[in-house]
Amino acid sequence: VMKKVACCFIIWLSCTIPVLSQQIAVIPGDVLSTLPAQHPYLLLNDAELNRLKEQQNSDAILKKYIGDVLARADKDINLSPLEHKLIGPRLLSVSRECLRRVYSLGLAYRLTGDEKYARACEENLLTVCVFPDWNPSHFLDTAEMSHAVGIGYDWLFNWLSPDSKNKIRDGLIRHGLKNGVKAYNGEDDVPRWWIESYHNWNQVCNCGLIVGALAVADTDPEYARVIIPGAVKSLPRALATYGPDGAWPEGPGYWHYASRYTAYGLSALKSALGTDFGLSKTDGLSETGFFPLYTTGPTGLYVNFADSGERARRSTMPCLFWFARTYHEQFIADQEHETIDRYGVLPEHLVWYVPRTKESYSPDLDKLFKGSVEVAVMRSEWNDSDALFVGFKAGYNQVNHGHLDLGNFELDALGVRWARDLGSDDYNLPDYWGRDKNATRWTYYRLNSFSHNVCTLNGQNQDVMAEAAFVKFHSEPDAAFAIVDLTSAYAPVSTKTTRGVAVVEDRHAVLVQDEFELAGSSEIAWGMTTDADIDTGGSTAQLTLEGKTLTARILSPAGAVFTVESAAQEPPQKTNAGVNRLMLRIKNQSGDVRIAVLFSPHWKDGEIVKDTEVKSLDSWE
């Protein structure tokens, strides 16, 4: 039942997203006419590998990265065999672990020629190829395993025995490519809705199959001749959602999943066929490498929307090297090198390696990403862990993985995340993927409006079908702001609703201001989720966390007071132990109502902003 519900939700969702302009790829009659004669030809051929090995002699950073990858591979040699075990409806964790091992061990063998790595990689490939299936009912599992086995087969091709080649090729075709062909041919015994979808499933399924099909295209071309055209026709649907300027509607967490598979697939096409059929020229794709950089606060935590994991933070993303080298954006590569310094290198960093530079950069402090989910980010400094930062979102409540959180904001200062999003709950909760107005999904605290840093009217969620867009965005050296029209989220209780978020007073404080035109008498609840301890005193509240302090002040309306509530919930929902809600509740409101709250970090130099001008959002400029 869970599988059917999830599939029905995503099939329905893929039909609800507004149609975006798509670049139509031109596909030649024989897509395999340029296939190389010799393996390996996927992502990293022998000529490129040899250049990489030679380059390490003059690049100490690359040499260290190679050493670290080999050290990880030494540990991967002795891991227990993979097992066909589902978690809920998914085999996905097994597919991903197989993929991780194949890149680790396969690249270690190619770098060193040491057969211990090849043998260990071969064992993993043979193990998964005798699984009863790759769980095609949850097609991500099949696609990721096809990717893993395709890369392993190609990279080890000249070492594998004829018997192993046959077994691995047979497993890849039987469990992966045949199911892919059925999907593209419209057969009903495998899921195929992902072909028409706009979200991460599109890239993962299409690009995983691209890698698998190309791996055996020299001996079994009939699969690639269906899969490659099918994938190239399907991918523009999802790639179009990067437009116009690189935002990803499923949030920065799912950005990495979708975008790394975009990189895998387009890189595989380019390396094996010499072309990606123009897909890399899709509007927004050249800019999307900046999205995870801008939506990461100084704490390292993401602007955490759309089912991101709790306290999700940016870690290493090898695909950023692919974006950097494909679109000649050295800043993206250098930012990824800094992340590698903290979290370590992965094999794909070597596949798409971009050398580090000592260039200095002065990127914009503020940025507005447009698209189906819009995000505004503002900060006081780059490369300062104590800097002030605020992320602020608009968009569409029905987007894949979306919560009822239009107008949500998150706030960093002094190295602390003060206003935060709780993240996703358990995907296996009943009706987690329900989308209609009365779906159980909207009773789950982490997904509904009552856990987010938004207002609610009369104890109601935001409208589940609501859409919101930024109507103003302004950036100058000492201040910045964004304003979003939230009318759709709160109608008909409020006939017009807007929220503005500004960094003010020379970027030392943040103002959050809400304005309502209420249709009748209403109760307004303003809320913010925080891990901080809160000491309230009427219109002020002092928040303390990790030895740091931030003061919240109600500048409007007069007489309003802060209270503190708990975000705790009962199992099977996540319990949110120790998490608080800073609340402002005002009853019997009517007509025009303004709520303005000022957040003032207690800076190390002793400065505390105690006031700022409050004026109507219409006059912000």
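In the predicted model, the structure holds 3 cavities of 30 Å³ or more. The second largest cavity has a volume of about 50 Å³, and its lining is made up of Leu-301, Tyr-302, Asn-304, Arg-311, Ala-312, Glu-410, Arg-417, Arg-420 and Asp-421. When the residues of this lining are sorted by character, 5 are charged, 3 are nonpolar and 1 is polar.

Two of the residues named in this lining, Glu-410 and Arg-417, lead on to the strands of a sheet. Strand β5 covers residues 409–413, and β6 covers residues 416–419, while β5 and β6 run antiparallel to one another and are joined by 3 bridges. Within this pairing, Asp-412 stands opposite Arg-417 in β6, and Arg-417 is also listed among the residues that line the second largest cavity.

The sheet to which these strands belong is an open one, formed by 5 strands in the order β1-β2-β3-β5-β6, with antiparallel pairing. Its edges are occupied by β1 (367–369) and β6 (416–419), each of which has a single partner strand, so that one side of each is left without a neighbour in the sheet. From one strand to the next, the twist averages 15°.

Besides the cavities, the model also contains pockets, and about 440 Å³ of space lies in the second largest pocket. This pocket is lined by 19 residues, and those that lie nearest its centre are Leu-43, Glu-48, Ser-267, Arg-325 and Trp-352. The elements that give two or more residues to the lining of the second largest pocket are the helices α2 (46–55), α10 (251–273), α12 (319–327) and α14 (347–351). In terms of residue character, the lining of the second largest pocket divides into 9 nonpolar, 5 polar and 5 charged residues.

A further position of interest to the description is Gln-573, which is found in the loop between β15 (562–566) and β16 (580–601). Gln-573 has a relative accessible area of 16%, and because buried means under 20%, this residue is classed as buried. If residues up to four places away in sequence are not counted, Gln-573 touches Asp-425, Thr-443, Tyr-444, Tyr-445 and Arg-446.

Terms used: Residues are numbered from 1 along each chain as its sequence is written. This is a predicted model: local features need pLDDT of at least 70, side-chain atom pairs count only at pLDDT 80 or more; totals for chains, interfaces and linings use all residues. Side-chain values use heavy atoms; hydrogens and water are left out. On a 1 Å grid over the protein atoms alone, a cavity is a set of points where a 1.4 Å probe fits but cannot get out, and a pocket is an open set with protein on both sides within 12 Å along at least five of seven lines; lining residues have an atom within 4 Å of a point. Grid points are joined across faces, edges and corners, and a volume is the space filled by probe spheres set on the points. Ala, Val, Leu, Ile, Met, Phe, Trp, Tyr, Cys and Pro count as nonpolar, Asp, Glu, Lys and Arg as charged, and the others, Gly among them, as polar. Helices (H or I, at least four residues) and strands (E, at least two) are DSSP runs, numbered from the N terminus. Buried means under 20% relative accessible area, exposed over 50%, partly exposed in between (1.4 Å probe, protein chains only). Contact means heavy atoms within 4.5 Å. Two strands pair if DSSP finds at least two bridges between them. Axes are lines fitted to C-alpha atoms, for helices over the stretch in contact, and angles run from 0 to 180 degrees between N-to-C directions.
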